[in-house]
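Work through the exercises below with the model open beside you. Try each task before you read its solution.

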Amino acid sequence: MFVDNVSLKIEAGKGGDGKTAFFPGRGGPSGGNGGRGGNIYAIVNTQLSNLNKYASVSSIKAENGIPGDSNRKTGANGNDTIIELPIGTTVIDADTKEEFVFDNRETRILLCRGGEGGLGNDALKSPTERSTRKAFPGNKGQSRNVRIVLKLIADYGFFGLPNAGKSTLLNTLTAAHVKTANYPFTTLEPSLGVLNNRVIADIPGLIEGASKGKGLGIKFLRHIEKVKLLLHTISSESDDVIKDFQTVMKEFEEYNPELAKKDMIVLLTKTDLIDKQDIDDKIKKLKKLSRQVYPISIFDPQSIENLKKILI
């Protein structure tokens, strides 16, 4: 299961309470201060590709500070909690709508600050109140209700109708091992491969009406938003390549019109299955809609090499 959207309550630790205590015999205040509550930080872990580890988690809480003790002993600070996220993740505060973007491996953001520890009666004594019994409780830590959303960051993204050959091309170009078969929705979640240190994403196929919830719907379209170059795959077996192209572009427009403005090339796939005249006719039709149209087949090594040159 690929999880790319979770909701959590996150809460920093409460500060430890201040202590009320007195030195034996001497009678003066000796209560120490409480320790600070643990903070909650979020960082990028480049080994993660999804949010699965948080799928069954409803809340995350940092450690509370330790209360102060007698003999002016300050309580220990609570341990900080680190939330590890894939690169390309955005954390959204559900109440304030504040957003925290994790778009590079060095990103480290303090999401919730731990509460300060309370003062013990030793810290609260004064010239006029030498034997005070006052001690303050620790402060609560900051808390947030957050939504965590992952958008894959890739250099290139394959998209198109089901059975357009996206997964097969990804497997051929990279070391990916995506399951393929000749039926709709073989790919049920985005898959990634690497070619010359550049990341290629295989986005599950769209169908007409996806933006209204049909098929797999638009669940994975957010993963195209940060892709630098779109690779629109259209099967040469199609009886109407223009309709195939327009079906997908319509779903783009209804989801986010900016997607349709991204740099894009069209790949006419599976060209080994039709004759050259049909290929030429379909390329001519598609070039009325897109300037860059390339025929390709995994059984034509030269076409694969030509595509690799484009993607370098």
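Contact means heavy atoms within 4.5 Å. Helices (H or I, at least four residues) and strands (E, at least two) are DSSP runs, numbered from the N terminus. The model is predicted: local features need pLDDT of at least 70, side-chain atom pairs count only at pLDDT 80 or more, and totals for chains, interfaces and linings use all residues. Residues are numbered from 1 along each chain as its sequence is written, and side-chain values use heavy atoms, with hydrogens and water left out.

**Exercise 1. Find the buried side of helix H4 and its partners.**

Step 1. Locate H4 at residues 276–286. Its buried residues (under 20% relative accessible area; exposed is over 50%, partly exposed in between; 1.4 Å probe, protein chains only) are Ile279, Lys282, Ile283 and Leu286.

Step 2. Look along the axis. These residues span an arc of only 100 degrees, so they sit on the same side of H4. The arc is taken from the directions that run from the helix axis to the C-beta atoms.

Step 3. List what they pack against. The partners are strand E12 (229–235), helix H3 (241–255), strand E13 (264–269) and strand E14 (293–295).

Step 4. Check the N-terminal end. Asp275 caps H4 there, with a side-chain oxygen 3.3 Å from the backbone nitrogen of Gln277.

**Exercise 2. Describe the whole protein in numbers.**

Step 1. Count the elements: 5 helices and 14 strands.

Step 2. Take the burial. Of the 312 residues, 47% are buried.

Step 3. Take the contacts with a separation of 6 or more. Residues 24 or more positions apart account for 73% of them.

**Exercise 3. Place Gly118 and name its contacts.**

Step 1. Gly118 lies in the loop between strand E7 (108–112) and helix H1 (121–124).

Step 2. Its relative accessible area is 3%, so Gly118 is buried.

Step 3. Set aside neighbours within four places in sequence. Gly118 then touches Gly16, Asp17, Gly18, Asn33, Gly34, Phe136, Pro137 and Gly138.

Step 4. Compare sequence with space for Gly34. It is 84 residues from Gly118 in sequence, yet 5.1 Å away, C-alpha to C-alpha.

**Exercise 4. Examine the positive phi values of Asn71 and Lys97.**

Step 1. Asn71 is not a glycine, but its phi is positive, about 60 degrees. It sits in the loop between strand E3 (59–61) and strand E4 (81–85).

Step 2. The relative accessibility of Asn71 is 43%, so this residue counts as partly exposed.

Step 3. Lys97 has a positive phi near 70 degrees. Its loop joins strand E5 (89–93) and strand E6 (99–102).

Step 4. Lys97 has a relative accessible area of 58%, so Lys97 is exposed.

**Exercise 5. What lines the second largest cavity?**

Step 1. Learn the term. On a 1 Å grid over the protein atoms alone, a cavity is a set of points where a 1.4 Å probe fits but cannot get out; lining residues have an atom within 4 Å of a point. A volume is the space filled by probe spheres set on the points, which are joined across faces, edges and corners.

Step 2. The structure holds 2 cavities of 30 Å³ or more. The second largest has a volume of about 30 Å³.

Step 3. Its lining is Ile10, Ala42, Ile83, Leu85, Val91, Leu111, Val146 and Ile148. E4 and strand E8 (143–150) are the elements that give two or more residues.

Definitions and conventions:
A polar contact is a pair of N or O atoms within 3.5 Å; within protein, one must be able to donate a hydrogen and the other to accept it, and residues adjacent in sequence count only if both atoms are side-chain atoms. On a 1 Å grid over the protein atoms alone, a cavity is a set of points where a 1.4 Å probe fits but cannot get out, and a pocket is an open set with protein on both sides within 12 Å along at least five of seven lines; lining residues have an atom within 4 Å of a point.
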